[in-house]
Amino acid sequence: MCRQRSAHVIKCQAAVAWEPNVPMVIEEIEVAPPQKNEIRIKVIATGVCHSDLYHLFEGKHKDGFPAVLGHEGAGVVESVGPGVTEFKPGDKVIPLFVSQCKECRFCKSPKTNLCEKSWSTERYAQMSNTDTRFSCRGKPVLQFMGTSTFSEYTVLNQIAVAKIHDDAPLNRVCLLGCGISTGYGAAINTAKVEPGSVCAVFGMGAVGLAAVMGCKNAGASRIIAVDINEQKFEKAKVFGATDFVNPKAHKKPINEVLTDMTNGGVDYSLECVGNVAVMRSALESCVKGWGVSVLVGWTDLHDFSARPIQLIAGKTWKGSLFGGFKGKDSIPKLVLDYMAGRIKLEEFVTHTVSLEQINDAIQLMKTGGCIRTIVNVSK
């Protein structure tokens, strides 16, 4: 089979974050051709995830800039580098911020979806590798989480790309690149929610709503949506939530409220906010003996704590990255699940913008004015 090799640099539009806590700038960047085992992708659409906002306004690591953010995208293969046999130009793909090399000890283990060859092996704080195919104004620009979907073109190693069905709508399945897979998988893979169980999900953003959907599809009998923004409860109902609690509407701590509601605590709780105080509340909301609480929200800024008796009494505290999904194996199947109507994606989308409006999309997320905003990156 003939496979296109590309040796030319592409000039294209991208949103460059030059420094933390400052709006991104639409710039013309240069995207180098794919090297050995790499793929250059034309990004069609991307979601805006809280991890983008976190890096820009919360993490603010000085060595993580300048960068092109974005990691929840979908596109089409433009060209491939030497050694690439799995992909060809024209293939529809989803970039993966958690790679799957299928060779390391983590990839070979069914116990985890981590990969030793991932960008995140040593640079969690900077949220990028030092190696990049991007440059702008004569300076190298980092590729955020190894992906950088806020650019018309990006280059990834083939171990960090999933090939998907040719008929998949890219402006919807892009959401499977992070948020929806993360929340959904946290419920079904990490928590392993069982039929008839009682669940509580903290945070009704896209990740939390996806966790609600996961609990529902796993057969939970009762799903309690917890959020301080009651406007999100109607949307939570769409995904399967049965009860709704605003912590600010109660004088008791939220864990006591949930314990009273559920005769001692929930079977499963999922924290989808990225707040260490909420993480503790989620753990304390679980029933003793067998309750499982999963940390899903991304943060690396603060320590978290709990009383040892919480775990001694039989509760389990777990973490979930990308919903426990091994990307190359699982994301194509999730795309098919969406196309068959087994999972929802359309219902997450509240806004659609152009790349030039990327800072508006960030502001919508920052103020809680959206669930998911889709950015149409390339025509």
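**Exercise 1.** How many helices and how many strands make up the secondary structure of the protein?

*Solution.* Working on this predicted model, one counts 10 helices and 18 strands in the protein. The next step concerns overall dimensions: the radius of gyration is 20 Å, close to the 21 Å that the globule rule gives for 379 residues, so the protein is as compact as a globular protein of that length. Along the principal axes, the C-alpha trace spans about 65 × 40 × 35 Å. Finally, among contacts with a separation of 6 or more, residues 24 or more positions apart account for 70%.

**Exercise 2.** Determine which strands form the closed barrel, and describe how S7 and S8 pair.

*Solution.* The barrel is closed and has 5 strands, which run in the order S1-S2-S7-S8-S4 with mixed pairing. Within that order, S7 (residues 134-136) and S8 (residues 139-143) pair in the antiparallel sense, over 3 bridges. At the level of single residues, Cys-136 has Lys-139, in S8, as a bridge partner. As background, strands of a sheet pair through backbone hydrogen bonds, either parallel or antiparallel.

**Exercise 3.** Is Arg-40 buried or exposed, and with which side chain does the Arg-40 side chain make a polar contact?

*Solution.* First, locate the residue: Arg-40 is found in strand S3, which covers residues 38-47. Second, apply the cut-off, under which a residue counts as buried below 20% relative accessible area; Arg-40 has a value of 0% and is therefore buried. Third, look for a polar partner, which is the side chain of Glu-78, at 2.7 Å from the side chain of Arg-40. For context, 58% of the 379 residues of the protein count as buried.

Methods:
Residues are numbered from 1 along each chain as its sequence is written. This is a predicted model: local features need pLDDT of at least 70, side-chain atom pairs count only at pLDDT 80 or more; totals for chains, interfaces and linings use all residues. Side-chain values use heavy atoms; hydrogens and water are left out. Helices (H or I, at least four residues) and strands (E, at least two) are DSSP runs, numbered from the N terminus. Buried means under 20% relative accessible area, exposed over 50%, partly exposed in between (1.4 Å probe, protein chains only). A polar contact is a pair of N or O atoms within 3.5 Å; within protein, one must be able to donate a hydrogen and the other to accept it, and residues adjacent in sequence count only if both atoms are side-chain atoms. Two strands pair if DSSP finds at least two bridges between them. The radius of gyration is taken over C-alpha atoms; the globule rule is 2.2 Å times the number of residues to the power 0.38. Contact means heavy atoms within 4.5 Å.
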